[in-house]
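Welcome to this guided tour. Keep the structure open in your viewer, and select each stop as we come to it.

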Amino acid sequence: MLKLNKLSYTFGRIWALKNISFDLEKGSFLFVTGPSGAGKTTLLKLLHADLFPKGGEIIVAGYDLRKLPRYKHYLLKRKVGIVLQDFKILKNITVFDNVALPLVVSNKTKLQIQKRVRAILRSLGLYSKMFVPCAELSGGEQQRVAIARAMVINPKLLLADEPTGNLDKKLSLHLLKLFKQFNAHGTTIVLATHNEELIKRVNNAKILYLENGQIKDKNF
Ligand SMILES: Nc1ncnc2c1ncn2[C@@H]1O[C@H](COP(=O)(O)OP(=O)(O)OP(=O)(O)O)[C@@H](O)[C@H]1O
Ligand SMILES: [Mg+2]
């Protein structure tokens, strides 16, 4: 699912990532961990083609991202869902419309959209908020909208950046259960977190430990 070889990224003179190499098999559950500033978010954004690498090789879901032209990014984004640390949901439209957006742009029928969005909102405890504008939601609810939007496309690869950062313990564990269910159905998961407890709760989890933009440790 992923093949990274000497992947590097810089912000000006700062090396956010340096010589990152690893392969990840389809169906894996990978945690990316490490201290603040280690490069976790940068790695996830590179995997989603939201940043362009400064060096090295990066192949995601069969696409060579150094060669994939911008007008073909939609092909990648149909297969890869992302939940960003700062959500990036649209505040002025409803929960339903936010979550439906990726389906609308991929030409699904109205009926398919209704079914799929309602199902995912139900599983994330957002059904009663379906028609509420996102600006009126709590931080944890907004985070769940972002998660719903990433999951609604049934991605082959799901990238999530501190997805439980704004959630209480009960919701965090519920969410982890959903990630595990997706994983059991074949979705590859890459989850960036500081939360040791989440990591402990996934059997056979793969762990990538970053520090100062480099791989400090990995167990796969
Ligand atoms: N937009 C930016 N401009 C300049 N430097 C940046 C920018 N974004 C990140 N950096 C730098 O790149 C490095 C890696 O940042 P990144 O956000 O990937 O870390 P992180 O592991 O996700 O941290 P956190 O756990 O706090 O979310 C840090 O040194 C950070 O200061
Ligand atoms: Mg981060």
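## Stop 1: the nonpolar core

Begin by selecting Val117 and Phe179: of the 41 residues in the largest nonpolar core, these two touch the most other members. Which elements supply at least two residues each to this core? They are β3 (29-33), α3, α4 (110-123), α5 (139-151), β7 (157-161), α6 (169-184), β8 (188-192) and α7 (196-200). Now colour α5, because the largest share of the core, six residues, comes from this helix. As background, nonpolar side chains in soluble globular proteins tend to be buried together. Keep in mind throughout the tour that you are looking at a predicted model.

## Stop 2: ligand 1 and its shell

Next, select ligand 1 and show the residues around it: Phe11, Ala16, Pro35, Ser36, Gly37, Ala38, Gly39, Lys40, Thr41, Thr42, Gln85 and His194. If you colour this shell by class, you will see four nonpolar, seven polar and one charged residues. Which helix gives the most to the shell? Helix α1 (residues 40-47) does, with three residues.

Zoom in on the oxygen atoms of the ligand and look at three of the contacts:

- Glycine 37 has a backbone N or O atom 2.8 Å from an oxygen atom of ligand 1.
- At glycine 39, a backbone N or O atom is 3.0 Å from an oxygen atom of ligand 1.
- With threonine 42 the side chain takes part: one of its polar atoms lies 2.6 Å from an oxygen atom of ligand 1.

How much of ligand 1 does the protein bury? Taken alone, the ligand exposes 630 Å², and the protein buries 62% of that.

While you are here, select serine 36, one of the residues around ligand 1. Serine 36 sits in the loop between β3 and α1. Is this residue buried or exposed? With 70% relative accessibility, serine 36 counts as exposed, because the cut-off for that word is over 50%. Now add asparagine 212 to your selection: 176 residues separate it from serine 36 in sequence, yet their C-alpha atoms are 9.2 Å apart in space.

## Stop 3: the magnesium ion

Select ligand 2, the magnesium ion. Which residues coordinate the ion? Look for Thr41, through OG1, and Gln85, through OE1, at 2.0 to 2.4 Å. The two come from distant parts of the chain: threonine 41 belongs to helix α1, while glutamine 85 is in the loop between β6 (80-83) and α3 (95-104), 44 residues away. Threonine 41 is partly exposed, at 22% relative accessibility. Glutamine 85 is partly exposed too, with a relative accessible area of 42%.

## Stop 4: helix α1 and what follows

Show the whole of helix α1. Why can it be called largely enclosed by the rest of the structure? Six of its eight residues are buried, so the description fits. To find the buried ones, select Lys40, Thr42, Leu43, Leu44, Leu46 and Leu47. Then step just past the end of α1 to alanine 49, where phi is positive, at about 60°.

## Stop 5: two more positive phi angles

Move to alanine 61, in the loop between β4 (55-60) and β5 (63-64). Alanine 61 has a positive phi of about 50°, although it is not a glycine. Its relative accessible area is 17%, so alanine 61 counts as buried.

Then select lysine 88, in the loop between β6 and α3. Here too phi is positive in a residue other than glycine, near 55°. Lysine 88 is partly exposed, with a relative accessible area of 49%.

## Stop 6: two buried residues

Select leucine 76 in helix α2 (residues 73-79). Is leucine 76 buried or exposed? Its relative accessibility is 0%, so leucine 76 counts as buried. Add aspartate 50: it is 26 residues from leucine 76 in sequence, and their C-alpha atoms are 11 Å apart.

Finish at valine 202, in the loop between α7 and β9 (206-211). Valine 202 is buried, at 9% relative accessibility. For a last distance, select lysine 177 as well: its C-alpha atom is 9.3 Å from that of valine 202, with the two residues 25 apart along the chain.

How values were computed
Residues are numbered from 1 along each chain as its sequence is written. Chains are lettered from A and ligands numbered from 1 in the order in which they are written. This is a predicted model: local features need pLDDT of at least 70, side-chain atom pairs count only at pLDDT 80 or more; totals for chains, interfaces and linings use all residues. Side-chain values use heavy atoms; hydrogens and water are left out. A residue is near a molecule or strand if one of its heavy atoms lies within 4 Å of it. A polar contact is a pair of N or O atoms within 3.5 Å; within protein, one must be able to donate a hydrogen and the other to accept it, and residues adjacent in sequence count only if both atoms are side-chain atoms. Accessible areas come from the Shrake-Rupley method with a 1.4 Å probe; for residues, only the protein chains shown count as cover. Helices (H or I, at least four residues) and strands (E, at least two) are DSSP runs, numbered from the N terminus. Ala, Val, Leu, Ile, Met, Phe, Trp, Tyr, Cys and Pro count as nonpolar, Asp, Glu, Lys and Arg as charged, and the others, Gly among them, as polar. Donors are N, O and S atoms within 2.8 Å of the metal (3.2 Å for Na, K and Ca); water is not among the atoms, so sites may look incomplete. Buried means under 20% relative accessible area, exposed over 50%, partly exposed in between (1.4 Å probe, protein chains only). A nonpolar core is a set of buried Ala, Val, Leu, Ile, Met, Phe, Trp, Tyr and Cys residues joined through side-chain atoms within 4.5 Å.
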